[in-house]
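Visitor: I am new to this structure and would like a close look at a single part of it. Please take one strand and what surrounds it, and explain the terms as you go.

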Amino acid sequence: MSRRTRTARRRPVAAAVLAAGAVLLPVVPASAASGADQDFVIEDPRITESSGLAASRKHPGVYWTHNDSDDGAYLYAVDSRTGKTVATVTMTGVGEPRDVEAISLGPDGNLYVGDTGDNLGGTWDHVWIYRLPEPAQLRDQTVAATQFTVQYEDGPRDAEALMVHPKTGRVYLASKKQSGGRLYASPEKLSAQGVNVFRPTGADVDWVTDGAFSPDGSELVLRSYLGAKAYDWKGDGSLGEPRRLSAPLLGQSESVTYTADGTGLMYGAEGTRSRVVRVDVEKRGEGGEGKAPEGAKPPGAGAGGADGAGGGGEAGEGDGKSTSTAGLVVVGVVVLAWLGLRKGRRGAK
């Protein structure tokens, strides 16, 4: 069905989620716009299902994003100072994207786009990754991309998280399962000929909707609908013990990226005029109880959005207040019910 129809159908449930959040979570005042790499609202009416974020390396304060389906081979550069789209990139050489879920920047200066979603629960025998150079100029343009065919060693998977390691350039995918999700590594070098087989690293991860490496490559953050965790990166694909991070609840929470300087994490969500919320990076040892570092801006504080992802709260103690466990459970149940309903209504194009 069309994106417009899907959005209309899920609004009542999304509204229930946000209403529950408004009742159960602390109300945090909106902050004034204060320059680049701060909270912002995606103003472009074309972007209704922002499913990935990547901080530009060439254009400070700009974030790359995309819709997750029914849109075409488009990438959007959004200026965090204004929330406005400053460039639309049309990819060529990639056929018709099926379910684009993630975007990441590699150390080679290329954008990597993950057309890796599978709303049928892992039935497509292959998915794709697209690679293209990050444009040097911010203007509407067409850019040739390289398409890579991807399969998993242990069979089809639904994956919404693609991460490129900032030092090695290796590509990783995380499968999305409520339990039993896995982290997968690409071959040492992707090939545009034949199939690139991604193999499990041995790390188990659950319910991942996006992920991001820290700029120095020492840490991996994985996002879920109800929170985020950070892991020390071992270099061989194995992960250290998870540390729970303060993260905003933003309706259908679909994306996360580090700021280019590594001082903050930017969390995004689907929805018309969806919000992107900055949370300052927590010092190690401070995130175990969901506590934000001293002086950090509380998650959820930022410009208000509308229609789908505008209502936000927090999953930690960013403003010194605690969220009740019962409240989070109720929100979690509603979110999962909504997502189950949405998944049942979405299939292959």
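Guide: What follows is a walk around strand S15, with some background before it and a few other places after it.

The model is predicted, so local features need pLDDT of at least 70 and side-chain atom pairs count only at pLDDT 80 or more, while totals for chains, interfaces and linings use all residues. Residues are numbered from 1 along each chain as its sequence is written, and side-chain values use heavy atoms, with hydrogens and water left out.

The protein has two helices and 23 strands; these are DSSP runs numbered from the N terminus, with at least four residues (H or I) for a helix and at least two (E) for a strand. Of its 349 residues, 56% count as buried. Buried means under 20% relative accessible area, exposed over 50%, and partly exposed in between, with a 1.4 Å probe and protein chains only.

Strand S15 covers residues 210–213. In a regular strand the side chains alternate between the two faces of the sheet. Here Asp210 and Ala212 point one way from S15, Gly211 and Phe213 point the other way, and all are buried.

The neighbour of S15 is strand S16 (residues 219–224), joined to S15 by four bridges in the antiparallel sense. Two strands count as paired if DSSP finds at least two bridges between them. Within this pairing, Arg223 in S16 is opposite Asp210. The two strands form a hairpin with five residues in between, and in the turn Gly217 has a positive phi of about 80 degrees.

Phe213, in S15, leads to the aromatic rings. The structure holds six aromatic pairs. Rings of Phe, Tyr and Trp (its six-membered ring) pair if their centres lie within 6.5 Å; planes under 30 degrees apart are stacked, over 60 edge-to-face, and the rest tilted. The ring centres of Phe213 and Trp233 are 4.9 Å apart and their planes stand at 85 degrees, so this pair is edge-to-face. Trp233 is in the loop between strand S17 (227–232) and strand S18 (243–245), so the pair ties together parts 20 residues apart in sequence. Phe213 and Trp233 are both buried. Tyr172 joins these two rings in one aromatic cluster.

Rings also appear in another kind of arrangement. The charged end of Lys176 sits over the ring of Trp207, 5.7 Å from its centre. Such a placement requires NZ of Lys or CZ of Arg within 6 Å of the ring centre and within 35 degrees of the ring normal. Arg98 likewise lies over the face of Trp124, at 4.0 Å from the ring centre.

Another strand to look at is S14 (residues 195–204), which pairs with strand S10 (residues 146–152) in the parallel sense over four bridges. In that pairing, Tyr152 is opposite Phe198. Strand S13 (residues 182–185) runs antiparallel to S14, with three bridges, and Arg182 has Asp204 in S14 as its bridge partner.

The last stop is Ser56, in the loop between strand S2 (54–55) and strand S3 (62–65). Ser56 has 3% relative accessibility and therefore counts as buried. Beyond its neighbours within four places in sequence, Ser56 is in contact (heavy atoms within 4.5 Å) with residues including Trp64, Leu105 and Ala260. The side chains of Ser56 and Glu134 share a polar contact of 2.4 Å. A polar contact is a pair of N or O atoms within 3.5 Å; within protein, one must be able to donate a hydrogen and the other to accept it, and residues adjacent in sequence count only if both atoms are side-chain atoms.
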